[in-house]
Amino acid sequence: MNDIIQNIKTRRSIRKYDKRQITDEALGSIIEAAQYAPSGSNSQSWLFTVIQKQEILSELNQLIRRAFAGVTFDEHEYPAKIRSKQAAEKEHYCFYYHAPTLIVVTNKQDYPNAMADSGLALENIFLTAHSLGLGSCWVNQLAWLCAVPEVRAALTKLGIPEDHFVCGAAAIGYPDGPQPPAPLRKPGTVNLVR
Ligand SMILES: Cc1cc2nc3c(=O)[nH]c(=O)nc-3n(C[C@H](O)[C@H](O)[C@H](O)COP(=O)(O)O)c2cc1C
């Protein structure tokens with residue numbers, strides 16, 4: 001198995017971080033890897049907003065808690081969204097798992113490949129973080145709630161253009177504790193025609 005395949009197979013979503021901030025060198029490598037993701041027609045219309053100021057992260061977390069409290073989901077809603085809303089009722093809830101760095105990936109609302117391009121950039125972020133001994137996790141709460149006016153206003157204040165929406169976000173930091181085992185891969189997801 002070569003190093004790239006090994007890196008892909010051993011990456012895990014990490015949900016517990018210690019307080020140490022990642023180095024600027026590591027951040028630079030992670031962002032550069034994100035920028036090197038493929039994009040439709042080489043659009044590169046994404047924006048990577050890196051938040052490392054803990055007060056801002058805490059404020060965003062409180063906003064997310066309030067935004068969840070203000071939305072209602074019916075029983076057909078995506079179950080992870082319903083679980084997140086319930087979890088957000090708890091005082092200690094932190095959507096970014098207290099990671100010291102959050103990278104919010106946004107892209108243009110009217111660009112049809114926005115999610116695809118941003119997803120590829122996010123995977124580059126996760127794999128590069130892992131290759132540098134860092135943990136990471138996709139956190140979707142800002143994506144789910146970015147149209148809530150208070151959340152949108154906070155994103156604008158952070159410099160995210162009004163014509164962008166949140167595609168996803170990456171929590172990044174040093175893992176606190178052992179890496180969880182890989183969830184089993186489901187069978188029956190390959191259709192080989194030859
Ligand atoms: C589009 C997407 C959204 C996700 N949203 C969240 C999230 O909001 N919170 C979270 O803890 N994990 C989130 N995850 C991580 C998945 O739960 C995780 O990738 C999956 O359980 C497989 O585990 P692994 O990443 O360790 O292989 C998300 C993953 C993807 C691809």
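This report describes a ligand site and several individual residues in a predicted model.

## The ligand and its pocket

The ligand occupies the largest pocket of the protein. Its surroundings consist of Arg11, Arg12, Ser13, Arg15, Tyr97, Cys137, Trp138, Val139, Asn140, Gln141, Pro183 and Arg185. Strand β3, which spans residues 135–139, supplies the largest share of this shell, with 3 residues.

Polar atoms of the ligand are paired with both side-chain and backbone atoms of the protein. At Arg11, an N or O atom of the side chain lies 2.9 Å from an oxygen atom of the ligand. At Gln141, the corresponding separation between a side-chain N or O atom and a ligand oxygen atom is 3.5 Å. Trp138 takes part through its backbone, where a polar atom is 3.2 Å from a nitrogen atom of the ligand. Considered alone, the ligand exposes 620 Å², and the protein buries 64% of that area.

## Tyr97 in the ligand shell

Tyr97, one of the residues surrounding the ligand, is located in the loop that runs between α4 (79–87) and β2 (101–108). The relative accessible area of Tyr97 is 29%; because this value falls between the limits of 20% and 50%, the residue is classed as partly exposed.

Which residues does Tyr97 touch, not counting those up to four places away in sequence? They are Ile14, Arg15, Tyr17, Cys137 and Val139. Among these partners, Arg15 is 82 residues from Tyr97 in sequence, yet the two C-alpha atoms are 5.7 Å apart in space. The side chains of Tyr97 and Arg15 are also joined by a polar contact of 3.5 Å. Arg15, Cys137 and Val139 are likewise members of the ligand shell.

## Buried positions in strands β1 and β4

Thr49 belongs to strand β1, which covers residues 47–51. Its relative accessible area is 10%, and Thr49 is therefore buried, the limit being under 20%. With neighbours within four places in sequence left aside, Thr49 is in contact with Leu102, Ile103, Val104, Leu158 and Ile160.

Gly173 is part of strand β4 (residues 164–173). A relative accessibility of 0% places Gly173 in the buried class. Beyond four places in sequence, the contacts of Gly173 are with Tyr17, Ile22, Pro100, Leu134 and Gly135. Tyr17 is also a contact of Tyr97. Ser118 lies 55 residues from Gly173 along the chain, and the C-alpha atoms of these two residues are separated by 20 Å.

## Positive phi angles before strand β1

Most residues other than glycine have a negative phi. Where does the chain depart from this sign? Ser41 has a positive phi near 50°, and Asn42 has a positive phi near 55°. Ser41 is situated in the loop between α2 (24–35) and β1, and Asn42 lies in the loop between α2 and β1 as well.

Are these loop residues buried or exposed? Ser41 has a relative accessible area of 78% and so counts as exposed, the limit being over 50%. Asn42, at 54%, is also exposed.

How values were computed
Residues are numbered from 1 along each chain as its sequence is written. This is a predicted model: local features need pLDDT of at least 70, side-chain atom pairs count only at pLDDT 80 or more; totals for chains, interfaces and linings use all residues. Side-chain values use heavy atoms; hydrogens and water are left out. Helices (H or I, at least four residues) and strands (E, at least two) are DSSP runs, numbered from the N terminus. Buried means under 20% relative accessible area, exposed over 50%, partly exposed in between (1.4 Å probe, protein chains only). Contact means heavy atoms within 4.5 Å. A polar contact is a pair of N or O atoms within 3.5 Å; within protein, one must be able to donate a hydrogen and the other to accept it, and residues adjacent in sequence count only if both atoms are side-chain atoms. A residue is near a molecule or strand if one of its heavy atoms lies within 4 Å of it. Accessible areas come from the Shrake-Rupley method with a 1.4 Å probe; for residues, only the protein chains shown count as cover. On a 1 Å grid over the protein atoms alone, a cavity is a set of points where a 1.4 Å probe fits but cannot get out, and a pocket is an open set with protein on both sides within 12 Å along at least five of seven lines; lining residues have an atom within 4 Å of a point. A molecule sits in a cavity or pocket if more than half of its atoms lie within 2 Å of its grid points.
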